[in-house]
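Me: Please take a close look at one part of this model and then follow the strand pairings outward from there. Give the cut-offs for each term as you go.

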Amino acid sequence: MMWSVIRRRVVGGGSSASILGRSTQTVSPAVSASRVSSLTGKQILLHPRGLGHVRNFSRLILPGCSVGCGPLRDVISSTQAAINIQTWSRPFSSEGGDLVDAVVPFMGESITDGTLAKFLKSPGDTVEVDEPIAQIETDKVTIDVASPEAGVIKEFVAKEGETVEPGTKIAVISKSGEGVAHVAPSEKIPEKASPKPPPAEKVNEKQQPKLETTSAKEKPKAPSPPPPKRSATEPQLPPKERERRVPMTRLRKRVATRLKDSQNTFAMLTTFNEVDMTNLMKLRLEYKDAFYEKHGVKLGLMSGFVKAAVSGLQNQPIINAVIDGDDIIYRDYIDISIAVGTPKGLVVPVIRNAGKMNFAEIEKEINTLAKKANDGSISIDEMAGGSFTISNGGVYGSLLSTPIINPPQSAILGMHSIVTRPMVVGGNVVPRPMMYIALTYDHRLIDGREAVFFLRRIKDVVEDPRRLLLDI
């Protein structure tokens, strides 16, 4: 839908009249309809479809007329010889709602804003309903902005890198695709050829005699002094061209803030132990095929450590507790957080009610959450909460580390790589697959006695999984 404009401008008389849709405006009532053909410097701007489209207006109200002076076609025909006709139009959203806005969705109760990371589409691209057109990066997850309607992207009203809030408009989509320029990637707008400057050689040739005459008269200048040498104590810094400055993502900022807050809040202490992985690895080797055939998922080592952690937390409830002001909150549930490293940063999805799950259910939940974390499709609810965390740095080859507590929890278990080492078993030195395990805990709440007992329980269950069946 277009607005049609009829405008008459008088240069000398200073009067103006216009019709926008059905509205009229009179600036100087001294000008009458009879003088229309004799005025100079006047313009009538019409809809691009021509005069016929404007004939829908039955009468034209001119200055000095209380009622329309005559049909519009008569007024235009009487002054057509002396009037310069031009076209002007302005597109806008029709009453049918052709243009729709793509806005930032709700990102969670604890997230108030995010960063517009990147656009997945370009202006002029065709999109379907609920097709992602942009990504919003928050402190915890990456959220897609979906197209509310099928159509063509008309324009982007936000820029990459801007901070946006839920409900912020980032794009305008045309359902019909009218008025949107479609430019193929290979098409380029030809540039106008700019006048070439005269060749430098010819200019130098013309100016050469003048330069020689002037240089002969002038005295030669003294050579500039060499730059001062650097002292032996001055550091040799690398050039700035060999450095790159990249802004931190919101997820990385959030992780950095939480880890530093953890160091500043907790009285962290780490205790270690080592586990003989022979029996758990033998159990896995013997039953992995039957386990996969029945449950459709591979039997890994993480499920064994999760079950061992559940047993340790049940024996030492203080590890599962947390300080809240002057009180201690004991949790009667066990939600195990699993630290997962992704290309965008560290995320910690949660296995809910791990104490009531078997090996197969734990393995399925770990695989599902790990895939979502790597794809960036994990939700905030799947990472909220958690009473205890397990971090497996052994998958990257870590031999030993001191993990940092994941607030507001009170402890974290660190797993490491399995290394075959000589061990004394029954008086004989034999090779054994060994793993170092570490427990970092808040010493304000947990004493060394409880921490050591917890690690010993982990060691006993992993080295002899039959204890889980007998509950001993």
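Reply: An axis here is a line fitted to C-alpha atoms, for helices over the stretch in contact, and angles run from 0 to 180 degrees between N-to-C directions. Helices (H or I, at least four residues) and strands (E, at least two) are DSSP runs numbered from the N terminus. The model is predicted, with pLDDT of at least 70 asked of local features and 80 or more of side-chain atom pairs, while totals for chains, interfaces and linings use all residues. Residues are numbered from 1 along each chain as its sequence is written, and side-chain values use heavy atoms, with hydrogens and water left out.

The helix pair is the place to begin. Helix H6, which covers residues 302-315, and helix H7, which covers residues 359-375, have axes that come within 9 Å of each other and cross at roughly 115°. The contact (heavy atoms within 4.5 Å) involves Met302, Ser303, Gly304, Val306 and Lys307 on the H6 side, and Phe359, Ile362, Glu363 and Ile366 on the H7 side. By class, the residues of this contact are 5 nonpolar, 2 polar and 2 charged, where Ala, Val, Leu, Ile, Met, Phe, Trp, Tyr, Cys and Pro count as nonpolar, Asp, Glu, Lys and Arg as charged, and the others, Gly among them, as polar.

From the helices one can turn to the strands, where two strands are said to pair if DSSP finds at least two bridges between them. Strand S22 (residues 411-425) is joined to strand S21 (residues 388-392) by 4 bridges, and these two strands run parallel; asparagine 392 has methionine 415 of S22 as its bridge partner. The loop between S21 and S22 holds proline 408, and a cis peptide bond with omega of about 0° joins proline 407 to this proline 408. That is a point to check in any backbone setup, as most peptide bonds are trans and most residues other than glycine have a negative phi.

S22 is also joined to strand S23 (residues 428-442), here over 13 bridges and with the two strands antiparallel. Valine 419 stands opposite methionine 434 in S23, and valine 425 is the bridge partner of asparagine 428, again in S23. The hairpin of S22 and S23 has 2 residues between its strands, and in it glycine 426 takes a positive phi near 65°. S23 is further joined to strand S14 (residues 268-276), with 9 bridges and an antiparallel run, and in this pairing phenylalanine 272 has alanine 438 of S23 as its bridge partner.

Two open sheets can be described in the same terms. One is formed by 4 strands in the order S6-S13-S11-S8, with antiparallel pairing. Strand S6 (99-103) and strand S8 (126-127) stand at its edges with a single partner strand each, so one side of each is left without a neighbour in the sheet. Within this order, strand S11 (residues 151-156) and strand S13 (residues 169-174) pair in the antiparallel sense over 4 bridges, and valine 152 has serine 174 of S13 as its bridge partner.

The other open sheet has 4 strands in the order S10-S9-S7-S12, and its pairing is antiparallel. Its edge strands are S10 and strand S12 (163-164), each of which pairs on one side only. Strand S7 (residues 114-119) is joined to S9 by 4 bridges and the two run antiparallel, with threonine 115 bridged to glutamate 137 in S9.

A loop leads from one of these sheets to the other, since S8 belongs to the order S6-S13-S11-S8 and S9 to the order S10-S9-S7-S12. Aspartate 130 is placed in this loop between S8 and S9, and although aspartate 130 is not a glycine, its phi is positive, at about 65°.
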